[in-house]
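Reader: Hi! Could you walk me through this structure while I have it open?
Author: Happy to, let's start right here.

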Amino acid sequence: MVGGSAAGLAAAETLRREGYEGALTLIGDEPYHPYDRPPLSKQILGGQWEPDRVPLRTPADLDALGLELRLGVAATGLDLAGRTVALADGVRVPYDGLVIATGVRPRRLPGDGGERAHVLRTLDDALALRDRLGPGRRLAVVGAGFLGAEAAAVARGLGAEVTLLEPAPVPLAPAVGERIGRMLAGAHHDHGVDLRTGVAVAEVADGGVRLTDGTLVEADEVLVAIGSVPNTGWLEGSGLTLGDGLECDEYSAAAPGVYGAGDVARWHNPLFGTAMRIEHRTNATEQGMAVARNLLRPDERRPFAPVPYFWSDQYDVRIQAHGYLRGHDEVAVVEGDLEARKFLAVYRSGDRVAGVLAVGMPPKAVRTWRQAVATRAAWRDAVGELLPEGA
Amino acid sequence: MSGEGGGSRKGEGEGKGVTMRVEVDVPKCVASGQCVMIAPDVFDQNEEDGIVVLLDEQPAPELHADVRESAVVCPAAAIRVVEK
């Protein structure tokens, strides 16, 4: 397993649990045991948790897996024909089966190398930013995606003055739709965030963030949260297909005996009939498990066909979403009230239910709609009767 | 997790003679409901906020594979399984 986070760990555990007794090596470029990333922009940044809460397994549980852990060392190359992975310390690790789970890294901005600039991907990133936030500190967040929006909310909770800069007119519109994006924008306004949409950022500058029109948005700290880049550089020239991530088939295979899992892998999800690359926590685990099973039982391989899931916490709004919402054709609020920030919305792609997103709704209702996604229910049957006027 | 029993595709009678204890770290739970979808006899969700409710701390052997799967899939890593 190359990648020492959720996907690599899930693959290792699944291999062991399902009977693999041979050697297993887990390679990770961070010096830590596998840990959980979603709390970084939530409880860790907010100070409710200390770092001892984020390891995914206890040292005893890891010991029991019998792994050779190579942490704090990055993979630098892959020899497909020779079946070896080259590491930054000069070691070459041979393999019979390979799981590539090297994740993503933050996209950067010009000028973001200085003291005041931050990204938020690793535990060290989160702790460094947390140390610099507090009452009266001015934080500019570039990018109002889930990460930027969550960090903005947490920073407000710490008393910081927050400016949230977003190039699109409505935050998160491609991910959740315009109406729900506006609802979230409203939550940030209500909590005193200075949300500026439709602004283009040029660089992190002395004193804050420089916009392309020359304006300086003053800030003591700047968080750059403008998306991620798959960590595939070490695979250049290996013969594997690289595009937006590591290209995999419906079994999540990139080559015979070589599988991709987690944020780095783009694969064909037959449930939705489309290729996708999912940067959500649950997918990392599910894909790690799936590729482990396909590696173990090459004659009984199964396509990886999950219903993706994510959640996001912003103030008292907890968003839960199941399905593939991107590229949706229509959003319908079928229960509750968007204004009250308690609702259930469903998403249509083509003539099928593609996803459900809920805030503050009973879990049974959410699970029922998730089932409609999992069975790719016809939109007309599932939603048509609820919305006779097509609201 | 000692790995005894081998393949854990669902419904196999593995785990005989193994006792399982399930622990949930409730403050970690994010109410995803993944565990309820996989092992509805062992987990439920609070109607109010969707937070996990543990129905069965010592599930029967035929449920063990599903419980292990729930623990691994939990997006908040809030489920821990102890097997002896």
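**The A–B interface**

Author: In this predicted model, 23 residues of chain A are in contact with 20 residues of chain B, where contact means that the C-beta atoms of two residues, placed from the backbone, lie within 7 Å.

Reader: Which elements give two or more residues to the chain A side?
Author: They are α1 (6–17), α3 (59–64), α8 (281–296), β23 (309–314), β24 (317–323) and α9 (363–374) of chain A. Helices (H or I, at least four residues) and strands (E, at least two) are DSSP runs, numbered from the N terminus.

Reader: Which one gives the most?
Author: That is α8(A), with five residues.

Reader: And how do the residues on that side divide?
Author: Into nine nonpolar, four polar and 10 charged. Here Ala, Val, Leu, Ile, Met, Phe, Trp, Tyr, Cys and Pro count as nonpolar, Asp, Glu, Lys and Arg as charged, and the others, Gly among them, as polar.

Reader: Quick check on conventions, please?
Author: Residues are numbered from 1 along each chain as its sequence is written, and chains are lettered from A and ligands numbered from 1 in the order in which they are written. As this is a predicted model, local features need pLDDT of at least 70 and side-chain atom pairs count only at pLDDT 80 or more, while totals for chains, interfaces and linings use all residues.

Reader: Cool. What domains does chain A have?
Author: The assignment gives domain 1 (6–105 + 228–300), domain 2 (108–224) and domain 3 (316–382); such bounds come from an automatic or database domain assignment.

Reader: What separates the centres of domains 1 and 2 of chain A?
Author: 30 Å, taken over C-alpha atoms. Their contact takes 13 residues from domain 1 of chain A and 14 residues from domain 2 of chain A. On the domain 1 side, helix α2 (residues 43–46) of chain A gives the most, with three residues.

Reader: New topic: is A:D63 buried or exposed?
Author: A:D63 sits in helix α3 of chain A. It counts as exposed because it has 11 C-beta neighbours inside 10 Å; the cut-offs are 20 or more other C-beta atoms within 10 Å for buried, 12 or fewer for exposed, and partly exposed in between, with C-beta atoms placed from the backbone.

Reader: Last one: what order do the strands of the five-stranded open sheet take?
Author: β8-β15-β9-β10-β11 (chain A), with parallel pairing; two strands pair if DSSP finds at least two bridges between them. The edge strands are β8 (117–118) and β11 (194–197) of chain A.
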